[in-house]
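Visitor: I would like to go through this model with you and ask, for each term, what justifies its use.
Guide: Gladly; let us begin with the structure itself.

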Amino acid sequence: MFAKLTTEVEQMRTMIRNFVENEVEPCAQQIEEEDAIPEHLVEKAKALGLFGMSIPEEYGGIGLNTVGKAVILQELGRTHNGFVSLISAHTGIGSTGLVKLASERLKEKYLPRMATGELIAAFALSEPSAGSDATNLKTRAEKRGDKWILNGMKHFITNGPVADVITVFAVTDKEKGAKGGITAFLVEKNFPGFSVGKIDKKMGLRGSYTSQIIFEDCEVPEENVIGEVGMGYVSALKILGEGRVGLAARSVGSCDKLIEMSARYAKERVQFGKPIAENQGIQWMLAEMATETEAARTLTLKAAQLIDEGKKAIKEASMAKLFATEVFNRVADKAVQIHGGMGYIAEYPAERFYRDARITKIYEGTNEIQKIIIARQVLNEV
């Protein structure tokens with residue numbers, strides 16, 4: 001059904017699996033307790049090329065296609081979700097707009113340093129009044145001479161406090177709104193008028209920071225417009241489509257890890273004189289976890305392949321995000337149940353995955369929004 005993975009992707013998958021198991025996992029509890037990712041892990045991720053996954057080779061990246069990136073994100077999803085979030089926000093929605101829509105001048109200026117991780121990227125669309133309704137933006141951009149002047153505030157921006165470059169969406173023509181009145185800009189953190197606001201305290205994703213981003217007469221050079229002026233809303237939809245496939249892939253990887261952990265625990269945990277793995281109730285939970293995960297994997301890879309083939313995959317990307325994240329939450333819930341009291345204790349990974357799973361149904365488009373997108377596509381097909 002799917003194209004065979006290249007030797008390079010297979011080799012990278014093995015390399016990332018070893019990195020995850022031998023270097024990231026031993027630090028997972030430290031990340032939880034300190035709410036920070038150890039610098040040596042970030043540096044190793046840079047050395048492995050993880051920050052350049054989606055950046056073409058001519059700009060110093062690895063240039064993985066969507067299927068290849070999904071496979072690697074599945075491996076990364078097997079470990080601490082806060083660590084994965086730092087990388088995926090950079091390689092996904094943080095980089096996609098620049099790679100696909102920016103001028104050659106912008107690409108040459110920023111992509112090589114983004115590929116090495118010298119520059120960390122973020123994506124700023126959400127605002128207090130514009131979450132699921134992305135057309136209701138309040139951030140404005142006004143052209144003055146050879147600069148655009150931005151005013152407004154974004155919130156819940158993943159990588160916000162650590163990002164060096166941010167794809168920002170602002171209204172450039174209030175009358176046109178989403179139909180030609182929103183523009184995408186690449187904003188550097190050192191541009192005059194840029195500042196980081198409140199850093200959020202979250203339920204999960206420790207070590208991955210989200211924050212407000214504030215623009216007060218922020219000066220952005222004219223050349224830092226991404227794509228065409230006024231076409232920012234269309235650009236945002238394109239960027240989010242690929243991001244949803246990446247989030248689905250991460251969720252599948254987390255499910256794989258939870259199933260392995262749960263099966264191992266069920267074989268070791270003895271109650272009433274036998275391993276709980278011999279109880280039909282436990283077996284049924286494991287069967288449901290494994291079956292749904294495989295279905296999510298297939299749906300995710302199908303969407304990724306359609307994107308690589310240049311086909312319209314709006315429906316499939318939303319399906320992958322919707323189903324994979326719902327499965328992640330169900331698998332995490334069953335994993336905690338199988339672990340019993342140990343599953344509720346913070347020293348054990350099931351508890352962490354359970355908390356981290358919850359946000360996947362909300363960000364990069366709530367699952368309710370995904371259902372609306374899917375339904376519209378279905379109705380348009382008949």
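Guide: A helix here is a DSSP run of H or I over at least four residues, and such runs are numbered from the N terminus; please also keep in mind that this is a predicted model.

Visitor: What makes α8 stand out in the lining of the largest cavity?
Guide: With five residues, α8 gives the most to that lining.

Visitor: Why is the space called a cavity?
Guide: The term is used because a 1.4 Å probe fits at its points but cannot get out. The search of the whole structure finds one cavity of 30 Å³ or more, and the largest cavity holds about 100 Å³ of space. Among its 13 lining residues, those closest to the centre are Leu73, Ser88, Gly92, Gly243 and Gly246, while the elements that give two or more residues to the lining are α4 (66-76), α5 (81-91), α6 (93-101) and α8 (232-268).

Visitor: How is the lining of the largest cavity divided by residue class?
Guide: The lining has three nonpolar, six polar and four charged residues; Gly is counted as polar, so Gly92, Gly243 and Gly246 belong to the polar class.

Visitor: How do you know that β3 and β7 pair?
Guide: Two strands pair if DSSP finds at least two bridges between them, and β3 (residues 147-158) and β7 (residues 210-221) have nine, in the antiparallel sense; here Thr158 stands opposite Thr210 in β7.

Visitor: What can be said of β6 and β7?
Guide: Strand β6 (residues 194-199) is joined to β7 over four bridges, again in the antiparallel sense, so the requirement of at least two is met, and Ile199 stands opposite Ser211 in β7.

Terms used
Residues are numbered from 1 along each chain as its sequence is written. This is a predicted model: local features need pLDDT of at least 70, side-chain atom pairs count only at pLDDT 80 or more; totals for chains, interfaces and linings use all residues. Side-chain values use heavy atoms; hydrogens and water are left out. On a 1 Å grid over the protein atoms alone, a cavity is a set of points where a 1.4 Å probe fits but cannot get out, and a pocket is an open set with protein on both sides within 12 Å along at least five of seven lines; lining residues have an atom within 4 Å of a point. Grid points are joined across faces, edges and corners, and a volume is the space filled by probe spheres set on the points.
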